[in-house]
Amino acid sequence: MKIAIASGKGGTGKTTVATNLAHTIAKTGVKTAYFDCDVEEPNGRIFLSPQIEASHPVTAGVPEVDMSKCTLCGKCGRMCRFSAIVVVGKKVLTFPELCHHCGGCALVCPTGAIEDVPHEIGRIEEGWAGPVRFVDGSLEVGVSTGPPVVRAVKRRARDEDVIIMDAPPGTACPVVETTKDADIGILVTEPTPFGLNDLKLAVEMLRLLEVPLAVVINRAGIGDSGVEDYCRDEGIEVISRIPHDRRIAESYSRGDLIAESVEGMQQVFEDMYKRIAAMLEGAAEQTE
Amino acid sequence: MKELVVISGKGGTGKTSVVASFAALAENKILADCDVDAADLHLVLEPDVKEQMDFSGGSEAVVRAEDCVGCGICAKLCKFEAITQDGPVNSSGVKTFLIDPFGCEGCGVCVEFCPAKAIDFEEKTNGESFVSETRHGPMVHAKLGIAEENSGKLVSFVRDKARKLATERGVDLVIIDGSPGIGCPVIASITGASLVLIVTEPTLSGLHDFKRVAALTAHFGIPTLVTVNKWDINPEMADRITALADQGGVKVVARVRYDPAVTQAQVARTSVVEHATEGIAADIRRLWEEVSAEL
């Protein structure tokens, strides 16, 4: 079962939900993994404090040009859709930070002057946080392309019964890469106009990807009723409401798991998991 | 002309609330919302759209099943793992290949190397941008299509438009609301900017993300300021962040307290400094004075 935790808006509590949910599920004896796919700002390890056992570089090809073979024909520049390589006068300029690592320039070069040389664009680390198998990816600072690192994280899946995937904020490519093959997407939002606006975008995204979804309202009690009204009108189930509570904010600020440090929170995550499992079972029965 | 970019690393630290208040406080400026895949500034500034433009960030490859010979070269060459043999069986009995539109980055490699020339590559519209008027002046904003690629290109497009508008109107300041993270839209919003303000929060996550986003602005050599928002949630963590900023060459500017007025202002569709005069509103005024002095 692959559960993606996403949000649209940043800072609504994705990582809080993802880490506490993984921790709570694993404690019940279910084989559980937590994958931090927010590779631009991975924070899951702050809360899960994993013992890291292995670290692997993620590489992607970036062109290097051998000028002794180059005829300045310009085919590479015409092939590249990202303006990452261009022939200017008697020189070939490359812009690695614009490169999407598609390999097109090297393939199209008629004289073999371009080599697709692997560069480290990020790193995957894996280990254990108690009973939770932990994997995270971290994009190298200055590199713009997160999706290859997200794919590398997802390739570390083994035989877990439940994989919790912590997505980045937004609705663009790295989020799509994280959520597109999930069995369910849990959208964490807050009951404010910004939360609602970005929730709508995230709902549209998951519907387009045909991923079933449910909503968790964090900091319930602040703001207005817009999110509740929207979910009711759209027939979206709100599976949990985490109260607005200063103890939660403080526990989070210290990097603690609220399921362990704030009274009543473990029950909240146990119930959340039960609800998710029931929704997926219901969906499976419908397909049969 | 100066460009001030407000970013955060971590999401939800209060970037947009700060920008909305700056919009109310700054004289003569153009506003640009470069958080194109989760834009919120319009909710507070209620723009009156004057001009709308479609945005195309690239093309999308689509296999014409009828012409596919099933050789699989496209799938072998695709670095994005976007092509699988899941297309229909065509009238020649060939099990065809299919390109996942959500995996395709539009590089065109499959199109170029398909021996049967069976892959179309049409430019697509993947967002729109707007020039609007607000109660605090002109604003350029955009909406990336859901699940679309090329948010970085759309950010560059919005910035260009905002700069042009500033030149046309003889305005010498552009205030940019950026996106969270350190990836392509963030890089597109800060490269070549005059000043970056990082809005962070006093949590371990905020600290961790601040380090990464400050490393990014250093990488591009952009002068950077930092403010700790909601500092009183964890004063000790706020001190740790400012100490770290001092060591790293990031100038620390006025802190902003935690205040429910921020949410109240949002619900009232207004900025904090228009909603309140005391407390947090005073903090943000001081912050703007210090930031504008650096411009």
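This passage describes the chains, domains, contacts and selected residues of a predicted model.

Chain A comes first. It holds 11 helices and 11 strands. Its C-alpha trace spans about 70 × 45 × 45 Å along the principal axes. Of the 288 residues of chain A, 59% count as buried. Contacts within chain A often link parts that lie well separated in sequence. Among contacts between residues at least 6 apart in sequence, 72% join residues at least 24 apart.

Chain A meets chain B across an interface. On the chain A side, 59 residues are in contact with 64 residues of chain B. The area buried between the two chains is about 5200 Å². Carbon and sulfur atoms give 58% of that area. Charged pairs also occur here. The interface of chain A and chain B contains four salt bridges. One salt bridge joins B:Lys79 to A:Asp116, with the closest N and O atoms 3.1 Å apart. In addition, 30 residue pairs are in polar contact between chain A and chain B, both residues being at pLDDT 80 or more.

Several elements of chain A build its side of this interface. Those that each supply at least two residues include helix H2 (44-48), helix H4 (104-108) and strand S7 (132-139) of chain A. Helix H5 (147-154), helix H6 (173-179), helix H7 (193-208) and helix H9 (246-254) of chain A each supply at least two residues as well. H7(A) gives the largest share, eight residues. By class, the side of chain A that touches chain B has 26 nonpolar, 19 polar and 14 charged residues.

Chain B is divided into domains. The domain assignment gives domain 1 of chain B as 2-56 + 126-294. Domain 2 of chain B covers 58-124, and so sits in sequence between the two segments of domain 1, as these bounds of the domain assignment show. Taken over C-alpha atoms, the centres of the two domains of chain B are 40 Å apart. Seven residues from domain 1 of chain B and six residues from domain 2 of chain B take part in the contact.

The area buried between domain 1 and domain 2 of chain B is about 550 Å². Carbon and sulfur atoms give 35% of this area. Three residues stand out on the side of domain 1. B:Ser56, B:Asn126 and B:Glu149 supply 69% of the area that domain 1 of chain B buries against domain 2 of chain B, more than any other three residues. The count between the two domains of chain B is one salt bridge. A salt bridge links the side chains of B:Lys124 and B:Glu148, at 3.0 Å from N to O. Three residue pairs are in polar contact between domain 1 and domain 2 of chain B, both residues being at pLDDT 80 or more. On the side of domain 1 of chain B that touches domain 2, two residues are nonpolar, three are polar and two are charged.

Within chain B, B:Gly11 lies in the loop between strand S1 (2-7) and helix H1 (15-25). B:Gly11 is buried, with a relative accessible area of 8%. Its C-alpha atom is 5.0 Å from that of B:Pro180. These two residues are 169 residues apart along the chain. Leaving aside neighbours within four places in sequence, B:Gly11 is in contact with A:Gly10, A:Gly11 and B:Pro180. Helix H1 of chain B follows this loop. Nine of the 11 residues of H1(B) are buried, so the helix is largely enclosed by the rest of the structure. Among them are B:Lys15, B:Val18, B:Val19 and B:Phe22.

Backbone angles provide a last point. Most residues other than glycine have a negative phi. A:Leu72 has a positive phi of about 60° although it is not a glycine. A:Leu72 lies in the loop between strand S3 (51-65) and helix H3 (75-79) of chain A. With 30% relative accessibility, A:Leu72 counts as partly exposed. B:Lys117 also has a positive phi, near 50°, and is a residue other than glycine. B:Lys117 is found in the loop between helix H4 (109-113) and strand S7 (119-124) of chain B. At 51% relative accessibility, B:Lys117 counts as exposed, because the cut-off for exposed is over 50%.

Key
Residues are numbered from 1 along each chain as its sequence is written. Chains are lettered from A and ligands numbered from 1 in the order in which they are written. Side-chain values use heavy atoms; hydrogens and water are left out. Contact means heavy atoms within 4.5 Å. Buried area is the accessible area (1.4 Å probe) that two parts lose on being put together, summed over both. A polar contact is a pair of N or O atoms within 3.5 Å; within protein, one must be able to donate a hydrogen and the other to accept it, and residues adjacent in sequence count only if both atoms are side-chain atoms. Ala, Val, Leu, Ile, Met, Phe, Trp, Tyr, Cys and Pro count as nonpolar, Asp, Glu, Lys and Arg as charged, and the others, Gly among them, as polar. Helices (H or I, at least four residues) and strands (E, at least two) are DSSP runs, numbered from the N terminus. Buried means under 20% relative accessible area, exposed over 50%, partly exposed in between (1.4 Å probe, protein chains only).
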